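The exercises below are meant to be worked with the sequence and the coordinates open side by side. Each one sets a task and then follows it with a solution in steps.

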Amino acid sequence: MTAPRTTLTAALACLTLVAASGCTAGSGPGPEKGAIVLATGSDLSSSGVRQDLIRDFEKRTGRTVRIVQLPDTADGQRSQLLAAGQSGNGGYDVLNIDVAWTAEFAEAGVIRPWGTSLDGDFLDSVVKTAEYDGKVWGVPFNTDAGLLYYRKDILADYGHHYRPPANWGELESWAKQVTGAYNRKAARSGKGQNHGKKPPTMYGMVAQLRPYEGLTVNTLEAAWYAGGDPDATSFTKGAQVGSLQQGVGDLKLRLDDGIMPHEVMTMDETESRRWFADGRALFMRNWPVEYASVAEKLTPGKKFDVAQLPARPSDGRRMSVLGGQNLAISAQSTRPEGARELIEALTGRRSERCLLERGFAATRDSAYREGPGAPTCPLSPGDARREQGATRPPAPRPGQEPPYTRTLYAALRAAQPRPRSAHYQTFSKVVQIRVSQYLSSPGGTAIADRLAKEADEALSGVVR
Amino acid sequence: MSEYDARGKVNRALLICVSDYSNLRPLPAVKDNAEALERVLTDPATDLFTRDEVRICTPQEPWEVEQALDEVAAEARGLLLVYFSGHGRVGSDGGNLQLMVGASERRHKTVSWQDLVLRYLDNARADRIVIILECCYAGNAGEAFYSSRKPMSLLMAAQPNRRIFSGDEPAGGSVFTRAVTRVLERGIADRQSVTFDDLVQELRAELADERTPMDDAWEPRSAKQNTTDDVILSFATPGARPPVPLRIRLRRWLNLLRAHWIRLLLILAIIFVPATGGIVLLNLPGDAPACRPALELRLLTAPEAEPALRQAAFDYEMSGANTRPLDGEGIGDHADGCRRAQITVYSAAKDQTDRGFAAAGRWQGEAQGAGSGTPDDQGTGPLYRPGPQPDLWIPESTADYDEARRGMPATGSPAALHNTGPVAYTPLVVGIPWAKRLNDVEPADASWRDLLAGTDGGHRRLKLLRPSPVLSGTGLLHTVGLYLAADGTAIGPSGTAPDPALADRAESRLSAPGSQYAGSTELLCSLRPGSDDPGGGAAAGSKDAGTSAPLVSEKSLADFNLGRATGSCPALASPLALGDRYVAYYPKNVPALDHPLIRVAWRGAADAAARQSAVERFAQWLRDPGGGQRTLSEQGYRGVSGNNGATPQPAKGSPLLDSRAETDPHARVVPFAADPDQVAKVLDGYNKAQKSSQLLILMDASTSMADGGKLPRALRAASRVMEMAGAHHTYGLWTFPDRERSDDRSAVRKAVPLGSTEPARGKAALERMSGGLVEHGAAMEEALTTAVRTMKKAGGTNNAIVLVLDEDDGGPGRAADVEKTLTGLLKDGPEVPVLTLAMGRSGCDTFALQWLAGTSNGRCVSDGPTAPDQLAGLVASIGAAAKEEQ
């Protein structure tokens, strides 16, 4: 322990440099050279509004942006960015990262602190996804919140015209009543039609319960509904005790009661949307991104509509998990100034308005405003191509917003980030494996109790 | 040896910890040492010291140490534990150990081990004294120690004359103390307590991987004086804890009564709290150490093995094995008990993996921000597919590894592959429908020749379905087996090449259209009874199930028969009915899939040592019968053989032991024997046995394709199809409607002429397409008529059309004879199967597309994540499609 170490001095020198220039090789004095490298999942490299915003930035600033296409799955993107960052091998400037990764990437030194606080125009709930350990690590680019899709027409046929269900209890009892009556009627009238095929059974509800990130999202929403606290990082302490068990118990009950079909355990966003759009479910939890695909088959506003998720009876909160992406500066960026400039441009007031108009959930409050003083989208309507990840059709006229926008706005303000832990990924794996086991088991609370314990263990990073 | 038990006596622990020095380098980790040790010593699990018996001393001046020693020496009656962590120095002769306190200067204001510490301890009233020294030259304390007169045990952090490179650890304490606390806190397996001798022994094991600054082994030392027995330092045990003896409980009771009567009242009150409450309180974990993110490992495998490896990786992550420090890990990078690695498991088709390794330079370049990742003339980048740069790769068999290596440049690749050997086996099988079991052929011992004869037109008339040897490891190894072990004898020595005539004969039996699939699980999924197969569409094969014999692996066939999840088919509530199952026939002497674990080292990784160590740890655990082998066995794999080389039998809990799996647990596992050259020759033989083929890709280029992100997905699928092209397998790319002649419904734009061999040209054309969609409805039937007419006339043997379609917009105003002409064309002359990728809202579920697939003997695939690979599998089958069965 007595050996004096020169590395310490070097580290100190480096720390001093961090304050000045970012402590990275190559970012010396003088203008930054080369294209700004933006690493992203595939959805940015195709045509679309986000691509258009990047091109607009290039035109205005004269800088070029090169988009590197990361693996096509979110897990693959995270894995590559994290591992390359740990190996000191990532040569990117801007990372387009899932909101659930902020804590881990910050802790692992893959991204650098943004340095300043975010302006007050960003939605408070969304800002939380960019914060960790008292610092801001990125800027919210586009966000998302879960919505309750419901069959307006069928519910009205069976006496529920006025509003979507207020809470899960109501949803479940309506589902049982309406699907029971509907299926009996369909069986009577369906005979002889449909080429002799049996008409499909109408189920109460579909959601995303395949073992992937969607299952974690649905589980968290169930746990929060059952009294869980989104800000807590433990499921075995204080008021949190039992919320996770109760939440997954509720999911299982919906499955065992036949409100959800058995197939829901293999469903992702697309597959559950297909069921709902095919008229095989009365309710669906899904992201607004599926709105347009449903609208291809069911008339929006007449046959189906969207609402916020059911309210928690104790306090009326309607908490969805926040989705979306943040833009962060890579810790190894050699063009931090350009990176910053690009991020600021892509997340500015006018850019966010463009995103909203083209079907994304904007992260700024002003984007949802109407009337004088509200920001306008600078892109020409001719650029309005439609893309994956955005709902469709785009606004009927430029400057307008999609029909579900007010509902989405309310849902976003009530939404909450997933547990902000450097070990979120392990937590999510635990949830996926244990919850699927539990849902397909004959029952018993042992797995659910084990889940809570293991979830805590996962979030702490420790093996006990 | 008797063990001294100090429970219930008046004990003292003095923890002297110096982290801040005025004149010496600070030791931040030492701060945590004090806290960690205090926590452990007062933990109910260790059951020795009470909270007020542990003192922490952080001395600035030597007199503070003196004072603290004086106090504890006077108070302790049972066990006195003295612990020092800080800087230490010795004289030039190695003697006269000096402990350094906060204000210590080089040669004065120090605490003399011999003259101060030992002198005070020698006058202590305690029964036993235990000293732990963690400082440089701690090992030099042993000498003076022998002059003391009290029963003392001394633990020295290192051997004599060694410094310690430690104390900078940012969190969780120094390496040595972390190990001490870990042992004391957890106890030792099969032991009811931790004694001084136990601790020494455990520490040696714990620190076995550490080095001293002199780069030799770091070895804690111990010494005893005036005592022969052992002292218990912790009662923690991983097993069940024995009840505390009555004499000790009485001793404690009396202590309490004497000293703390108020607390006694409280305890009485707690006794009346329900027992469960008490348990919860006792189980509350201490403050968990903050763990840094674990090292992210990227595990690439084949789609078939992905679910099982995902489960295994998860089990490893959550196991104690994953908390051992890694080589190359900075001291204190991770706190005690923190997970060291996390593993993301992903998969890619075999040809994509091969291409990735062959272009490892580009892979690395994309990861470093060089080059473009968008589809360009070189095709989609490896970072997109196969995906992340793997740290470990587990292909289905060694043949896959040989193939990948063959494609890599001899030198200069930034990826170095190290084969560490198999981690799991599964024999290759031919699934025979239960009702068509073969006469006179022994399932566990049949040669390929017998199997081919038994299934041929003269006998059971079964279609042999094999996954594509290009896309799937199962397909490749089955082909190796077919060509090299046809007569049931073992694969010959290196140099044995497959007999071309034999390859031709074998391939002629694998000629049914659609007989090749991207992978074995997707093949089986398509045979599942009653599946309405939402992705497979029109001609999907459950109707063929009873007349097919799939060439797959034992594991995937067992999954299929037992109704477990298979490819994109979800798990069923129960195993399949007997009549729907396939019986596994094991072709004799065909090597089993052996799943070698390949470590991949990427040039320039700053954390290469830690990464290598993490991969090796995982590999070791995977092969451990109590670790990964259990998980893999539960998933239906055979284990790797033990030391005696015996073929491992399925272990308890294996689905293979379920008789409804229709597999034979006693069937032999044949290790992989062919050499790389033989594998190459087999593939060469396969290619030669394939007739050349011509493919026409006909793409819908109407603007509706841009909706909802369909276009990039369609382009990706078309690009995947082009990757199948080569010298013998040519292609062309046509799009419709034609911008220049949008009024002519049957006009097509010939973006790439037929007969092209280079995928790059087509990919460039696809890239241009994203900006050039045509504002006009797409009249599919008319355009298809043009295409079919051309292909019918094109000559050659294996012609097919890949139709990528959003919606047929040509319905209104279609001339009456269009459909009739198309039908006639499709039915006449040489067969031209139409393989449709349906991007539209109804997928393959339309009358027109079902009719098209049926009439042309083609297939329809609905848009979805697996669509590109499904389509690629179908296209691979075109190579032999024209040869009719029987």
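**Exercise 1.** Across which strands of chain B does α3(A) lie, and at about what angle does α3(A) run to β13(B)?

*Solution.* The model is a predicted one, and the values used throughout are computed from it. Begin with the helix from chain A: α3(A) lies across β13 and β14 of chain B, and its direction makes about 130° with β13(B). Next, consider the two strands beneath this helix, where β13(B), covering residues 295–301, pairs with β14(B) in the parallel sense over seven bridges. Within that pairing, L297(B) is the residue that stands opposite I343(B) in β14(B). Finally, turn to the helix that chain B itself contributes: α19(B), residues 608–622, packs on the sheet and touches β13, β14, β15, β16 and β22 of chain B. The direction of α19(B) makes about 175° with that of β22(B).

**Exercise 2.** Give the order of the five strands in the open sheet of chain B, and identify which strands form its edges.

*Solution.* Reading across the sheet, the order is β14-β13-β15-β22-β16 of chain B, with mixed pairing. The edges are then β14(B), residues 341–347, and β16(B), residues 415–422, each of which pairs on one side only. As for the twist, neighbouring strands of this sheet are turned by 25° against each other on average when direction is ignored.

**Exercise 3.** Describe the contact between chains A and B from the side of chain A, beginning with how many residues each chain gives.

*Solution.* Counting by chain, 56 residues come from chain A and 61 residues from chain B. On the side of chain A, the elements that give two or more residues are β2 (65–69), α3 (74–86), α4 (102–107), α11 (291–297) and α15 (424–439). Among these, α3(A) gives the most, with eight residues. Sorting this side of the contact by class yields 18 nonpolar, 25 polar and 13 charged residues.

**Exercise 4.** Determine how α9(A) and α15(A) are oriented to each other, and which residues meet where they pack.

*Solution.* First take the geometry: the axes of α9(A), residues 243–256, and α15(A) come within 10 Å and cross at roughly 40°. An angle of this kind falls outside the ranges for roughly parallel, roughly perpendicular and roughly antiparallel, and the two helices α9(A) and α15(A) are therefore oblique to each other. The crossing of α9(A) and α15(A) is right-handed. Then take the residues: V248(A), L251(A), K252(A) and L255(A) of α9(A) meet V435(A), Y438(A) and L439(A) of α15(A). By class, the residues of this contact divide into six nonpolar, no polar and one charged.

**Exercise 5.** Carry out the analysis for α11(B) and α13(B), and state how the residues of their contact divide by class.

*Solution.* The axes of α11(B), residues 350–358, and α13(B), residues 398–407, come within 8 Å and cross at roughly 40°. That angle makes α11(B) oblique to α13(B), and the crossing is right-handed. In α11(B) the participating residues are K350(B), T353(B), D354(B), F357(B) and A358(B), which meet D400(B), E403(B), A404(B) and G407(B) in α13(B). The residues of the contact of α11(B) with α13(B) comprise three nonpolar, two polar and four charged.

**Exercise 6.** Establish how many residues of β27(B) are buried, and which strand is joined to β27(B) by five bridges.

*Solution.* Strand β27(B), residues 834–838, is mostly covered, since five of its five residues are buried, a residue being counted as buried if 20 or more other C-beta atoms lie within 10 Å of its own. Separating the two faces, V834(B), T836(B) and A838(B) lie on one side and L835(B) and L837(B) on the other, and all are buried, leaving both faces covered. The strand joined to β27(B) by five bridges is β26(B), residues 798–805, and these two run parallel. In this pairing V802(B) stands opposite L835(B) of β27(B).

**Exercise 7.** Summarise each chain by its helices and strands, and state what share of its residues is buried.

*Solution.* For chain A, the count is 16 helices and 12 strands, and 54% of its 464 residues are buried. For chain B, the count is 27 helices and 28 strands, and buried residues make up 55% of its 886 residues. The C-alpha trace of chain B spans about 115 × 65 × 60 Å along its principal axes.

Methods:
Residues are numbered from 1 along each chain as its sequence is written. Chains are lettered from A and ligands numbered from 1 in the order in which they are written. This is a predicted model: local features need pLDDT of at least 70, side-chain atom pairs count only at pLDDT 80 or more; totals for chains, interfaces and linings use all residues. Two residues are in contact if their C-beta atoms, placed from the backbone, lie within 7 Å. Helices (H or I, at least four residues) and strands (E, at least two) are DSSP runs, numbered from the N terminus. Ala, Val, Leu, Ile, Met, Phe, Trp, Tyr, Cys and Pro count as nonpolar, Asp, Glu, Lys and Arg as charged, and the others, Gly among them, as polar. Two strands pair if DSSP finds at least two bridges between them. Axes are lines fitted to C-alpha atoms, for helices over the stretch in contact, and angles run from 0 to 180 degrees between N-to-C directions. Angles under 35 degrees count as roughly parallel, over 145 as roughly antiparallel, 65 to 115 as roughly perpendicular and the rest as oblique. A crossing is left-handed if the near helix is turned anticlockwise from the far one by less than a right angle, and right-handed if clockwise. A residue is buried if 20 or more other C-beta atoms lie within 10 Å of its own, exposed if 12 or fewer, and partly exposed in between; C-beta atoms are placed from the backbone.
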